[in-house]
Amino acid sequence: MSAKAHHSLGHMIAFWTRRIFDKAVLWIYCKVFALLLAMFLCLPGRKRMSHDNGIAGTGTLRIVDNPSFPAHDFFAPGREFPVRIRHASATFLDDAMNCIRSMSIKFSHDRFKSPFDIEMNTGQTSLFWSAVSFLKFAKLRRQKYGVEYRDFNRRYPDGLKGSMEAGRRHASSFENLRYNCKTPFLYNGSDGLRRYAKYRVIPADGAPETGIDPDPSEWDQCNQRILPHETRGRNYLKHEYEDRVARRGAHYKLQIQTHPASDGEDPEVFNNMVLWDEVAHPWHDLAEITITETLDWRESTMTTFSVNNMPKSLGVIPAQSIFDYNSVNYMRAHSEIARKARLLSYKLFGMVPPIPDNDNRNVEDWGV
Ligand code: HEM
């Protein structure tokens, strides 16, 4: 073997050793985090990691008749699915607090089983950008009396920006908020080309978004407590949603943005803190969603979603290390045990009680 060939073989071995090591660290990191979450939060606390306070509904979803997005067999024009959605507030059990709100969608009427799930939060960007960043976010939460993330926000101004953008206080309805999946997913279309996709939901009638504080201070953002003299109850948004759906249903548009993959892709494409330029990546209507029924507390609480509920061609983008932007979704994909521990906790210790309308504001624990 020539010296040159020997040298390049050495390089190759070093490259693959590093790659395997990084991937193994990522796997262990995510499995250990999920196990700790399951053992110390979900099982004993009968809790979701976040978003415990929510209401689910069912209806139908119809893929648009004339798609302007790249063709995909799963999203065939005019295809209809039964749909179950869940709106929630992260993380407190009090709708009147300044919370991130969410809409999660599954293309089925089941509590869990579905060919496609997508979880979305308010705000366009996120509060963390990799597995490492997410762990810091979790570690520096330091929540007390409805005040949280002071230390994380001071250390990571990008996280603060994301949380300022996502917080919604006094929204008038879950229906008029904008929800974004933030992280990109695979989109291997019918033409065989590899692309990436982001999803969002907007109200079908384009009603203006409510609940946005146009200029929150750093302190306002950490202090998510209800305002003094608050008149809204702890369940006001869920009650409003029940009434609205019973009266006229709730109507949304699911939209999609795609990005063609290329060799030597700029990693920033995967960074959920960076928006894709809307001129190069316009939003296309993907489906119309109509919700006709809301579900009771028990059924809403039993409803759960997963990034693993997706066809392979639309699933999670592979991640290489704990610093990789795609490790956010890799981490979610490896956190099933946390969800299972929560559902097991109801069997062992009983279903969690509905949230009382008033008493004990600014809390995140059951029975407080
Ligand atoms: C930008 C990224 C993320 C978004 C948009 C997101 C969104 C959501 C939403 C909307 C829910 C509530 C779903 C429901 O109504 O039941 C949720 C729950 C959850 N998320 Fe995330 N999430 C993200 C990142 C993560 C990460 C990094 C982890 C780490 C493991 C994670 C783990 C979980 C878990 C364990 C639950 C509760 C599952 C259950 O018990 O049903 N998420 N997420």
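In this predicted model, strand 1 (residues 53-63) runs antiparallel to strand 2, and the two are stitched together by 10 bridges. One of the facing pairs puts Gly54 across from Ala88 of strand 2. On to the next pairing: strand 2 also goes antiparallel with strand 3, this time through seven bridges. Ala88 turns up again here, with Ser102 as its bridge partner in strand 3. Strand 2 is largely enclosed by the rest of the structure, because eight of its 11 residues are buried.

The pairing carries on from strand 3 to strand 4, again in the antiparallel sense, with five bridges. Here Ser104 has Glu119 of strand 4 as its bridge partner. How many residues of strand 4 are buried? The count is five of five, so to speak a mostly covered strand. In a regular strand, side chains alternate between the two faces of the sheet. For strand 4, that puts Asp117, Glu119 and Asn121 on one side, with Ile118 and Met120 on the other, and both faces are covered.

These strands come back when we turn to the ligand. The ligand is surrounded by 27 residues, and the closest of them are His51, Ser102, Glu119, Thr304 and Ser335. Ser102 is the strand 3 residue bridged to Ala88, while Glu119 is the strand 4 residue bridged to Ser104. Which elements supply at least two residues each to the shell? They are strand 2 (80-90), strand 3 (99-106), strand 4 (117-121), helix 8 (327-333) and helix 9 (336-349). As for chemistry, the shell splits into 11 polar, nine nonpolar and seven charged residues.

Next, the nonpolar packing. The largest nonpolar core has 63 residues, and the members that touch the most others are Met120, Ala131, Tyr199, Leu254, Ile289, Val328 and Tyr330. Helix 1 (residues 3-45) gives this core its largest share, six residues. Another core, of 11 residues, lies apart from it and includes Ala88, Ala96, Ile100 and Ile226. Back in the largest core, Ile289 touches Gly59, Leu61, Val83, Tyr252 and Leu254, leaving aside residues up to four places away in sequence. Met120, also on the list of best-connected members, is one of the buried residues of strand 4.

Phe323 is worth a quick look too. This residue sits in the loop between helix 7 (297-302) and helix 8. Is Phe323 buried or partly exposed? With 15 other C-beta atoms within 10 Å, Phe323 counts as partly exposed. Leaving out residues up to four places away in sequence, Phe323 touches Ser130 and Val132. The Val132 contact reaches a long way along the chain: the two residues are 191 positions apart in sequence, yet their C-alpha atoms are 6.2 Å apart.

Zooming out, the chain contains nine helices and 10 strands. Its C-alpha trace spans about 80 × 50 × 45 Å along the principal axes. The radius of gyration is 21 Å, which agrees with the value near 21 Å for a compact globule of 368 residues. Buried residues make up 40% of the chain. Of the contacts between residues at least 6 apart in sequence, 77% join residues at least 24 apart.

Note on methods: Residues numbered from 1 in each chain as written. Predicted model: local features only at pLDDT ≥ 70, side-chain atom pairs only at ≥ 80, totals over all residues. Near = placed C-beta within 6 Å. Helix = DSSP H or I, 4+ residues; strand = E, 2+ residues; numbered from the N terminus. Nonpolar A, V, L, I, M, F, W, Y, C, P; charged D, E, K, R; others polar. Buried ≥ 20, exposed ≤ 12 C-beta atoms within 10 Å, placed from the backbone. Pairing = 2+ DSSP bridges. Core = buried A, V, L, I, M, F, W, Y, C linked by C-beta atoms within 7 Å. Contact = placed C-beta atoms within 7 Å. Rg over C-alpha atoms; globule rule 2.2 N^0.38 Å.
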